[in-house]
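Work through the exercises below with the sequence and coordinates open. Each task is followed by a stepwise solution.

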Amino acid sequence: MLDRAQVLHVARLARLRLSDDDVDRMAGELSNVLDHIEKIGELDLAGVPPTSHVIDVAGVARADEPQGCLAPEVALANAPEPVAVQPSGLGFGVPSPGQDSGE
Amino acid sequence: MSELLELTAAAAAERVRARELDARELFDVYRERAAADELNAFVWVADDRPANGPAGDTPLGGVPVAVKDLFCTEGVPSQAGSRILEGYRPPYTATVVKKLTGAGAPLLGKTNQDEFAMGSSNENSGYGPVLNPWDRSRVPGGSSGGSAAAVAAGLAPWAIGTDTGGSIRQPAALCGIVGLKPTYGACSRYGMIAFASSLDQAGPLTRDVTDAALLFSHMLGRDDCDSTSLEYPGDIELPSREDLQGVRIGVPEELIGSESGAEPGVRKLFDATLKLAENLGALVEPCRLPHAPHALSAYYLIAPAEASANLARYDGVRYGLRVAGDTDLVTMYERTRAEGFGDEVKRRIMLGTYALSSGYYDAYYGTAQKVRTKIFEDFREAFERFDVIATPTSPWTAFELGSKTADPLAMYLNDFCTVPMSLAGIPAVSIPCGLSGGLPVGFQLAGPAFSEARLLDAAYALERAIDFDGSAARA
């Protein structure tokens, strides 16, 4: 069972602002799902290696050759707040970092 | 025009190549139908034919394809069903879309979906739910519900979608069409807006098995832009097998018993289809997948964990929505994400963040990864005795809009029979096997990695024996 404090902690980690109603609803729904999921804790999995990926490839690297890339104005075309910067011309504008409320 | 609609995509391509059909006429007919869509299956439809085309003298004959919204298409809205990406027009095109247009299938439109592919009913779209063409008070399934509804209703000749835990197969089943989830790594994921990267895979949604084979054969292959894509071993030919002589079909007790919650009508058609398989010469026997009932739990830890990381990119900085005001950076992130994401996406981000958080990682995410290993091993053992494994695709037929939205867990149970294959990375195809209460039922066949040719052959033989008639949905 997740309580309000845990939900708020996870929401902060996930950078999600939740309303008071959201917090209560989320606590109930997540607890419900976790109750079902926790049954896997009953399996005997001693010595079983984890699988993070089903295909056996690792360290795939291409030849280190220069290739074309997006022009700055194309890469910035979807930006909510493109700003002029020196010397490259364009950048992503953001509010001041101010005081980080996260952890 | 109605005669045109009754052609499968492969048959239409054949006629175009034989100069019996004008590819421009075909494009215009489908463009008009897509533009008049009453099912909310499309979120964007092409204004015009492609310049100089469509080119009929190509492998795909100029037959246009509908593309799930989450495939990036240059200059065309690609919003993955999310309000946080409203207005996003990518500067590049997904590899599989490029391959299909290059092989002669022009883009017809972008199809509606559950937000970021999270859902089994299409009710989680930020752009409204899709209606099932068999009964407009019911869901089309999800998350590739727009693609499935469009093909079933004859608004598109064929379509592509993505499948993370069943998102191609389940909507194909609920809409009475064919859906193939390929082997993980068969198709490039480059340009697919990511949900769970170790599971996401692109595949075709089509009117029949031949169309699925033809479309898939032009989607697959290694891509330098996706290091998890693989060189496909062998070729995919159009299926031609008419019997199942010597094919060993395993039926996993764990996925067809009471735990699956399968409706009696679904179970009845599943059993009848197994009978047909036996009549065609197949050897049908029970098999065991002891860990398969735990697949759903493992999936609902692994997929949200990967999603919580993938969706961190939606922060109001580089694209999409920003909710700013006079505030600091972190508050901007939190408000943007609160307003831009829908409820289900927030739930999965929360679930995934929790499963990865300090103190819980081993118990949740770590355990789920071990269960994934056991499921992979279960399949490997089963395929020592069997060529394919058969299950119902979905425990239910299409359900009423709104009937499962209040209980997320009930909605997740949709995926009971489809997530085991996803976790194991193996291919599976859903074909329609009949109607229960006037609604389509899907039959799922799964095989070992890279066995698509054999799987499609078996599905083709069964399809001929079943002789499903989907024309009512196109009326």
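The exercises go from the whole of one chain to its domains, its chain contact and its helix pairs.

The model is predicted, so local features need pLDDT of at least 70 and side-chain atom pairs count only at pLDDT 80 or more, while totals for chains, interfaces and linings use all residues. Residues are numbered from 1 along each chain as its sequence is written, and chains are lettered from A and ligands numbered from 1 in the order in which they are written.

**Exercise 1. Describe the overall form of chain B.**

Step 1. Count the elements: chain B has 16 helices and 11 strands, taken as DSSP runs numbered from the N terminus (helices H or I, at least four residues; strands E, at least two).

Step 2. Take the extent along the principal axes: the C-alpha atoms fill a box of roughly 70 × 55 × 45 Å.

Step 3. Compare the radius of gyration with the globule rule (C-alpha atoms; 2.2 Å times the number of residues to the power 0.38). For 475 residues a compact globule would have a value near 23 Å, and the 21 Å of chain B agrees with this.

**Exercise 2. State how chain B is divided into domains and how they touch.**

Step 1. Domain 1 covers 2-242 + 454-474 and domain 2 covers 296-367; the bounds come from an automatic or database domain assignment.

Step 2. The centres of the two domains, over C-alpha atoms, are 28 Å apart.

Step 3. Domain 1 of chain B gives 20 residues to the contact and domain 2 of chain B gives 17, where contact means C-beta atoms, placed from the backbone, within 7 Å.

Step 4. The domain 1 side consists of 9 nonpolar, 8 polar and 3 charged residues. Here Ala, Val, Leu, Ile, Met, Phe, Trp, Tyr, Cys and Pro count as nonpolar, Asp, Glu, Lys and Arg as charged, and the others, Gly among them, as polar.

**Exercise 3. Which element gives the most to the side of chain B that touches chain A?**

Step 1. The contact joins 55 residues of chain B to 48 residues of chain A.

Step 2. Elements of chain B with two or more residues there are H10 (295-310), H11 (329-340), H12 (343-356), H13 (362-385) and H14 (408-412).

Step 3. H13(B) gives the most, with 11 residues.

Step 4. By class, this side of chain B has 26 nonpolar, 16 polar and 13 charged residues.

**Exercise 4. Classify the packing of H2(A) with H10(B) and of H10(B) with H12(B).**

Step 1. Axes are lines fitted to C-alpha atoms, for helices over the stretch in contact, with angles from 0 to 180 degrees between N-to-C directions. Under 35 degrees is roughly parallel, over 145 roughly antiparallel, 65 to 115 roughly perpendicular, and the rest oblique.

Step 2. H2(A), residues 20-37, packs on H10(B) at about 130° with axes 9 Å apart, so the pair is oblique. Val33(A), His36(A) and Ile37(A) meet Ser297(B), Tyr300(B) and Leu301(B).

Step 3. The axes of H10(B) and H12(B) come within 7 Å and cross at roughly 100°, so H10(B) is roughly perpendicular to H12(B). Residues of H10(B) in this contact include Leu301(B) and Pro304(B). The contact divides into 8 nonpolar, 3 polar and 1 charged.

**Exercise 5. Are H7(B) and H16(B) roughly parallel or antiparallel?**

Step 1. H7(B) (209-217) and H16(B) (452-466) pack at about 160°, axes 9 Å apart.

Step 2. The two helices are therefore roughly antiparallel.

Step 3. Among the residues that meet are Phe216(B) of H7(B) and Leu456(B) of H16(B). The contact has 7 nonpolar, 1 polar and 2 charged residues.

Conventions:
Contact = placed C-beta atoms within 7 Å.
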